[in-house]
Each structure stands twice: as structure tokens, then as C-alpha cells.
Amino acid sequence: MWGRSLERTYVTGEVSVHALRGVDVSLRRGELVVLLGPSGSGKSTLLNILGGLDRPTGGELHFETQDLTNANDAELTRYRRRSVGFVFQFYNLVAGLTARENVSLVTEIADAPMKPDEALDLVGLGARVTHFPAQLSGGEQQRVAVARAIAKRPKVLFCDEPTGALDSATGVRVLEALERVNRELSTTIMIITHNVGIGDIADRVLRMSDGKIVEETRPGRARRPSEISW
Ligand code: ADP
């Protein structure tokens with residue numbers, strides 16, 4: 001997918017914030033991309049636009065053969081439902097449902113989903129399917145959230161600070177789960193993080209500053225998640 005000259009201006013009363021000031025970005029199929037940059041530099045805004053949660057106020061956005069630039073609500077909903085998965089910093093699991101049931105919420109409305117147990121197996125939770133969120137560690141809950149996001153086999157998975165609330169040991173397990181999803185399902189993955197070390201697991205690192213992408217590097221997956229300095 002690609003975006004060209006993407007802009008996003010938030011207008012609140014008399015104040016305008018230019019969150020994106022002309023971003024050119026492309027994600028190749030099966031790529032693992034890390035997006036770095038200080039708070040307020042526009043990372044979440046860009047991720048939300050690429051994921052169809054928000055619309056640019058300028059520029060162009062394309063996914064495969066679809067032109068999403070002027071997509072209406074129904075078209076964006078269809079794009080998100082069919083093609084996109086999200087993982088956020090806080091896992092948003094339903095407390096009264098088991099891991100399997102949490103994943104089922106998504107597989108019940110998807111076109112050609114995996115079985116919930118298969119998705120949970122992929123993230124290393126095959127033995128925890130009947131556990132409730134409160135019986136799982138933070139990292140395990142985040143891996144349930146990853147399983148839930150990938151069970152519908154999205155083409156692209158957008159992760160906003162997926163390890164932001166985790167210590168290094170559990171964060172590494174979450175990154176290993178994401179890497180495995182990327183490798184085995186060829187899911188394109190974009191990860192926002194403050195943790196510069198995580199850039200080493202990526203094919204490509206984009207660094208944002210003040211609403212623009214100011215640097216692009218290609219670590220070429222220099223390290224495995226277990227080898228990064230946290
Ligand atoms: P990052 O993810 O890099 O921290 P964001 O994309 O969240 O950056 O924010 C970029 C800028 O846009 C910031 O100045 C932020 O305050 C502003 N912003 C983000 N969301 C909104 C919103 N809903 N309304 C107004 N301003 C916003």
C-alpha cells in the first residue's frame with residue numbers, strides 16, 4: 001500500500017494542529033516496518049490513516065487496487081474488516097471471556113478466518129485457550145490481542161506501541177509472536193514504538209519528526225527479538 005503527500009490537520013476551535021505535513025510512505029507485501037519518533041511527531045495519526053480509522057485531509061492513499069483517498073465510511077469499514085488488523089498498547093480483552101472466546105469474537109464475523117485455537121497456537125498460547133484475561137500476564141494478554149487481530153488473516157497488521165506496557169522479557173515474547181505471524185502468514189506489519197532497539201528486528205525503519213518522515217534506514221532484520229537491547 002502507499003500514501004503520497006499525506007496531510008492531516010486537526011482543527012479544534014481556532015487552533016489547527018498539522019499532525020502530518022506531507023508524508024510519502026509505502027508498505028511492501030510481507031514487510032516488517034518500525035516507525036520511530038518522539039511523542040507528538042504524528043506516528044499514531046499516520047497509523048490510523050493507513051489503517052482506515054481516520055482520513056487524511058490531503059494527499060492520496062491506495063491499498064492494492066483500491067483508492068482509499070476519498071473512501072466513504074462504508075468503504076473504509078470494509079477495508080478495515082477485510083484487510084487490516086490492529087494491536088494497541090492496552091489489550092482491550094473482554095474480561096468475562098476466555099482467550100479462545102476473545103478471539104472468537106472476531107472469527108465469527110470474518111470471511112475466511114483461522115480457528116481461534118490455531119491463532120492462539122501461533123502466538124504460543126496453545127495451552128492457555130481456556131484462561132481468562134485476569135489469569136494471564138500482561139505479555140500473554142497482549143499475545144491474545146495479537147491472535148485476535150490476526151485470526152481473520154489481515155493483509156496488514158498495525159501495532160501502536162504493542163510492548164509499551166511490558167517489561168523486556170514479556171515484550172520480547174510479543175515481538176517474537178509478531179515476527180512469526182509476519183513469517184508464516186506473510187502479513188505486512190507496521191510497529192510504532194519509542195524503543196529504538198526494536199528497529200533492529202525490522203526490514204525498514206522510518207523515523208518521524210514534526211509530521212514528516214525524516215529518515216529511512218534498512219536494518220535488514222539485523223537482530224532477533226531476543227537479541228535486541230531494550
Ligand atoms: P505520536 O503518535 O507520534 O505521539 P500523534 O499522531 O498522536 O503523535 O499526534 C500528532 C499531533 O497531532 C500532536 O500534536 C497531537 O497533539 C495532535 N493530535 C493527535 N490527535 C489529535 C486530535 N484528535 N485532535 C487534535 N489534535 C490531535
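**Helix packing and nonpolar cores in a predicted model**

In helix 1, the buried residues (those under 20% relative accessible area, with exposed meaning over 50% and partly exposed in between, for a 1.4 Å probe and protein chains only) are Lys-43, Thr-45, Leu-46, Leu-47, Ile-49 and Leu-50. Helix 1, which spans residues 43–50, is thus mostly covered, with six of its eight residues buried, and it is followed by Gly-52, whose phi is positive, near 75°. Helices here are DSSP runs of H or I with at least four residues, and strands are runs of E with at least two, both numbered from the N terminus.

The model is a predicted one, in which local features need pLDDT of at least 70 and side-chain atom pairs count only at pLDDT 80 or more, whereas totals for chains, interfaces and linings use all residues. Residues are numbered from 1 along each chain as its sequence is written, and side-chain values use heavy atoms, with hydrogens and water left out.

Two packed helices are described by the angle between their axes and the distance between the axes. For helix 5 (residues 138–150) and helix 6 (residues 168–185), the axes come within 9 Å and cross at roughly 20°, where axes are lines fitted to C-alpha atoms over the stretch in contact and angles run from 0 to 180 degrees between N-to-C directions. Helix 5 and helix 6 are therefore roughly parallel to each other, a term for angles under 35 degrees, with those over 145 counted as roughly antiparallel, 65 to 115 as roughly perpendicular and the rest as oblique. The contact (heavy atoms within 4.5 Å) is made by Gly-139, Gln-142, Arg-143, Val-146 and Ile-150 of helix 5 and by Thr-170, Arg-173, Val-174, Ala-177, Leu-178, Val-181 and Leu-185 of helix 6. These residues divide into seven nonpolar, three polar and two charged, with Ala, Val, Leu, Ile, Met, Phe, Trp, Tyr, Cys and Pro counted as nonpolar, Asp, Glu, Lys and Arg as charged, and the others, Gly among them, as polar.

Helix 5 also packs against helix 3, the two axes coming within 8 Å and crossing at roughly 30°, and helix 3 and helix 5 are therefore roughly parallel to each other. Ala-99, Asn-102, Val-103 and Val-106 of helix 3 meet Val-144, Ala-147 and Arg-148 of helix 5 in this contact, which by class has five nonpolar, one polar and one charged residues.

The largest nonpolar core, a set of buried Ala, Val, Leu, Ile, Met, Phe, Trp, Tyr and Cys residues joined through side-chain atoms within 4.5 Å, has 38 residues, and among those with the most contacts inside it are Val-144, Leu-178 and Ile-189. Elements giving two or more residues to this core include helix 3 (99–107), helix 5, helix 6 and strand 8 (188–192), and the largest share, six residues, comes from helix 5. A second, separate core of 26 residues includes Met-1, Leu-20, Leu-27 and Val-156.

Two charged residues may be set beside these cores. Glu-179, found in helix 6, is buried, with a relative accessible area of 6%, and, leaving aside neighbours within four places in sequence, is in contact with Arg-221, Arg-224 and Pro-225. Arg-29, in the loop between strand 2 (15–26) and strand 3, is exposed, with a relative accessible area of 67%, and, leaving aside neighbours within four places in sequence, is in contact with Ser-186 and Thr-188.
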